[in-house]
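I open this notebook to record what I looked up in the model, entry by entry.

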Amino acid sequence: MPDPTSLRIIHYPDSRLRARSAPVDRFNAELRDLAARMLTLMRESKGVGLAAPQIGVLLRLFVMNPTGQPSDDRVLVNPVIDEMEGSAVATEGCLSIPGVSVQIRRPVACRIVAQDLAGEPVELRGRDLVARIWQHETDHLNGVLILDRMGPSDRVATRKVLRALEDPVR
Ligand code: ZN
């Protein structure tokens with residue numbers, strides 16, 4: 001793994017954002033350094049979540065903080081989402097797609113089963129913003145972006161911004 005301090009948030013259309021990330025099997029100091037770097041980058045960017053592929057590391061983990069309070073920092077490794085309930089639309093942005101915010105329909109509540117940085121099992125239930133962050137970040141681990149989930153009007157509305165990201169010299 002590269003020196004974590006050299007890692008930066010990568011942007012669409014970087015192909016690493018489309019990869020399926022690999023399970024984490026070593027819960028060591030390297031993993032903890034990686035998570036710490038991800039939390040720093042998330043905070044600097046004023047985001048509520050950041051997945052490892054967003055810094056070019058194709059491993060199944062993400063960090064999140066729905067409130068901005070340091071005590072609410074959380075790292076979830078090898079997450080699996082199930083027991084989804086309800087459905088609601090809310091606005092989502094993505095640190096890897098600057099300038100784009102779109103309406104996304106997702107289940108309102110879900111369970112997440114994962115591991116912490118020590119490899120210990122974690123099982124949580126959440127709803128609203130927390131459940132939405134879990135789903136958005138878990139999507140990243142499967143190469144799925146909000147662009148894949150937005151509706152037709154957002155598809156039209158974001159066309160120019162996406163084209164500029166795809167071809168920045170034009
Ligand atoms: Zn994102």
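The entries below take up the sheet, the helices on it, a residue before the helices, and the metal site.

**Entry 1, the sheet.** I note at the outset that the model is predicted. I looked up the strand order and found an open sheet of five strands, arranged β1-β2-β3-β6-β7 with antiparallel pairing. The edges are taken by β1 (49-51) and β7 (121-127), and because each has a single partner strand, one side of each is left without a neighbour in the sheet. I also looked up the twist, and on average neighbouring strands of this sheet are turned by 40° against each other when direction is ignored.

**Entry 2, one edge in detail.** I then followed the edge strand β1 to its partner, and found that three bridges join β1 to β2 (residues 61-64), the two running antiparallel. Within this pairing I noted A51, which stands opposite F62 in β2.

**Entry 3, helices on the sheet.** Which strands does helix α1 touch? Helix α1 (residues 29-44) packs on the sheet with contacts to β1, β2 and β3 (74-85), and its direction makes about 40° with that of β2. Helix α2 (residues 128-141) also packs on the sheet, where it touches β1, β2, β3, β6 (109-115) and β7, and the direction of α2 makes about 125° with that of β7.

**Entry 4, P4.** I went next to the segment before α1, where P4 is found. Is P4 buried or exposed? With a relative accessible area of 18%, P4 lies under the 20% cut-off and is therefore buried. Leaving aside residues up to four places away in sequence, I found that P4 touches D33, L34 and R37. I also looked up the separation of P4 from P121, and the C-alpha atoms of these two residues, 117 residues apart along the chain, are separated by 25 Å.

**Entry 5, the zinc ion.** Which protein atoms are donors of the zinc ion? They are SG of C94, NE2 of H136 and NE2 of H140, lying 2.0 to 2.2 Å from the ion. In sequence the donor residues follow the spacing C-x41-H-x3-H. I noted that C94 and H136 link distant parts of the chain, since C94 sits in the loop between β4 (88-93) and β5 (101-106) while H136 belongs to helix α2, 42 residues apart.

**Entry 6, burial of two donors.** I finally looked up the accessibility of this pair, with the same 20% cut-off in mind. C94 counts as buried because its relative accessibility is 11%, and H136 counts as buried at 8%.

Terms used: Residues numbered from 1 in each chain as written. Predicted model: local features only at pLDDT ≥ 70, side-chain atom pairs only at ≥ 80, totals over all residues. Heavy atoms only, no water. Pairing = 2+ DSSP bridges. Axes fitted to C-alpha atoms, helices over the stretch in contact; angles between N-to-C directions. Contact = heavy atoms within 4.5 Å. Buried < 20%, exposed > 50% of the residue type's maximum accessible area, 1.4 Å probe, protein only. Donors = N, O, S within 2.8 Å, 3.2 Å for Na, K, Ca; no water.
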